[in-house]
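The following note sets out a reading of the structure shown below, arranged as numbered points. It is intended to be read alongside the coordinates.

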Amino acid sequence: MRAGRRVLFVALVPLVALALATANGAVAAATEVHRSALDQAIARLAATHGGPPGIAVVVDRGGRVELHTGGVADRATGTPFRLDDRMRVASVAKAFSGATALSVVARGRLSLDTTIGERLPMLPRAWWPVTLAELLGHTSGIPDFSMSSAFVDALRASLTKAPPPLELLRFVFDRGLEFAPGTKYEYSNSDNIVVALLVEAATGRRYASVLDDRVTDVLGLSRTTLPDGPLLRAPFVHGYEFDPPATYTDVSQLFAAGWTWASGGVVSTPRELDRFIRAYARGKFTDPASRARQFTFIRGGSSEPPGPGTNSAGLALFRYETRCGTVYGHTGNTPGYTQFAAATRDGSRSVTVSLNAQITPKSDPVLFLQVRRLFELATCAALQHDHGRH
């Protein structure tokens with residue numbers, strides 16, 4: 001090395017080191033800002049009149065799990081949220097049914113182009129042209145059984161004992177399609193009931209058994225189950241319904257999980273929900289061709305309730321484009337619980353948000369704005385790079 005270059009090199013070393021230290025310091029500071037904003041938002045929401053009694057946010061940054069909590073998981077005992085407490089994941093169950101169905105597709109037992117008529121001829125003839133892909137993407141046009149007044153009446157009459165899954169669809173058997181398959185996006189709880197029935201028809205096994213074999217056992221999710229009845233195994237997060245002006249009713253075990261089955265009946269924990277969404281987003285359960293179709297999105301297709309940022313619908317997966325970056329996952333709500341779970345496409349960063357109250361844009365538009373802001377702050381905390389990490 002020539003003398004002039006050596007002098008230049010020696011002079012640059014401290015400057016580069018200073019620049020790196022400054023950059024890493026800025027990143028670390030930004031990370032702390034996101035964490036602080038997240039914790040403040042959690043505390044504010046938990047203290048809001050009519051808000052959820054408790055909140056748990058899991059921020060997973062490359063396998064480094066942080067649990068941020070506020071309020072309580074059980075109002076009677078004052079117990080806070082814990083990583084391994086069971087809870088109802090609501091419509092995030094649709095991501096589990098998506099993972100199960102895609103695993104069956106990957107093994108050649110189903111195709112994304114398999115139609116209802118091919119495998120489930122007992123369903124209404126008008127539904128026969130609908131494909132598995134259209135079911136997973138909520139472009140089927142099949143009416144939502146849970147919006148039927150007959151379903152609501154049947155649920156109220158038998159809260160703790162649900163009918164067989166096929167009977168859920170009978171509440172809308174007398175209706176045709178809402179629109180031609182593949183022409184429109186419309187979220188429907190019926191779709192994932194049919195998805196699970198297709199899984200059963202293709203494998204000759206009960207859906208819950210295939211879910212265990214292909215998804216939960218593969219990931220070691222020992223506390224993630226699809227029960228039939230209303231009971232939750234302790235320890236569990238108690239879910240509440242707010243009754244104005246100041247009463248909370250425990251609705252944790254109000255109705256049997258079978259009333260929503262593959263569409264919303266899964267029980268998991270904050271830790272296991274995080275582990276699942278990381279694997280699901282990175283394509284653990286599918287093949288390259290199916291994954292490419294899964295990640296073809298309908299812009300504006302929103303999950304229920306809406307997730308953070310701009311929502312777009314894929315196949316049993318939603319894209320959330322936020323100010324801090326893009327994640328993929330699912331939301332859910334059911335009496336007593338509101339959920340959000342998402343990860344980066346490579347599964348390296350993930351976030352879950354769990355509330356023990358059902359809060360939606362319809363139930364409380366103002367309060368839901370806080371919830372949705374919390375979804376985004378949690379996402380930002382997950383996506384922000386650590387000090388010295390890239």
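1. The side chain of D60 makes a polar contact with the side chain of R278, at 3.1 Å. The model under discussion is a predicted one, and the distances quoted in this note are to be read accordingly. D60 itself belongs to strand β1, which spans residues 54-61. A polar atom of the D60 side chain also lies 3.4 Å from the backbone nitrogen of R64. With a relative accessible area of 3%, D60 falls under the 20% limit and is therefore buried.

2. Two pairs of residues bring together separate stretches of the chain. P52, in the loop between α1 and β1, is separated from L367 by 315 residues in sequence, yet their C-alpha atoms are 9.9 Å apart in space. P52 is buried, its relative accessible area being 1%. A46 lies in helix α1, residues 3-46, and is partly exposed at 23% relative accessible area. Its C-alpha atom is 6.0 Å from that of G70, a residue 24 positions away along the chain.

3. The structure holds 1 disulfide. C324 and C380 form this bond, with their sulfur atoms 1.9 Å apart. The torsion about the S-S bond of C324 and C380 is about 90°, so the disulfide is right-handed. C324 sits in the loop between β9 (318-322) and β10 (325-334), whereas C380 is part of helix α12 (residues 365-383); the pair therefore ties together parts that are 56 residues apart in sequence.

4. How does the accessibility of C324 and C380 compare with the 20% limit for burial, and which class does each residue fall into? C380 is buried, with a relative accessible area of 1%. C324 has 27% relative accessibility and so counts as partly exposed.

5. A search of the whole structure finds 12 salt bridges. One of them joins the side chains of R82 and D85, with an N to O distance of 3.1 Å. R82 is partly exposed at 40% relative accessibility, while D85 is buried at 3% relative accessible area. Another salt bridge links E321 and R319, at 3.7 Å from N to O. E321 counts as partly exposed, since its relative accessibility is 28%.

6. A further salt bridge connects D213 and R205, at 3.4 Å from N to O. D213 is partly exposed at 34% relative accessibility, and R205 is likewise partly exposed, at 32%. Through shared partners, salt bridges join R205, D213 and R214 into one network.

7. The largest pocket holds about 1,300 Å³ of space. Its lining comprises 39 residues, of which N333, T334, P335, Q358 and T360 are the closest to its centre. Elements that give two or more residues to this lining are α5 (149-157), β4 (240-243), α9 (261-264) and β10. The largest share, 4 residues, comes from α5. By class, the lining of the largest pocket divides into 19 nonpolar, 13 polar and 7 charged residues.

8. The second largest pocket holds about 220 Å³ of space. It is lined by 16 residues, and those nearest its centre are P163, P165, R206, D228 and W261. The lining of the second largest pocket has 9 nonpolar, 3 polar and 4 charged residues.

9. Some points may be taken together when the model is inspected. Strand β10, which contributes to the lining of the largest pocket, also borders the loop that holds C324. For the side-chain interactions, useful places to begin are the contact between D60 and R278, the disulfide of C324 and C380, and the network of R205, D213 and R214. Among the residues discussed above, D60 is buried at 3% relative accessible area, as is D85, while P52 is buried at 1%.

Technical notes. Residues numbered from 1 in each chain as written. Predicted model: local features only at pLDDT ≥ 70, side-chain atom pairs only at ≥ 80, totals over all residues. Heavy atoms only, no water. Disulfide = S-S within 2.5 Å. Buried < 20%, exposed > 50% of the residue type's maximum accessible area, 1.4 Å probe, protein only. Salt bridge = Lys/Arg side-chain N within 4 Å of Asp/Glu carboxyl O. 1 Å grid on protein atoms, 1.4 Å probe; cavity = no way out; pocket = protein on both sides within 12 Å on 5 of 7 lines; lining within 4 Å. Points joined across faces, edges and corners; volume = space filled by probe spheres on them. Nonpolar A, V, L, I, M, F, W, Y, C, P; charged D, E, K, R; others polar. Polar contact = N/O pair within 3.5 Å; in protein donor to acceptor, adjacent residues only side chain to side chain.
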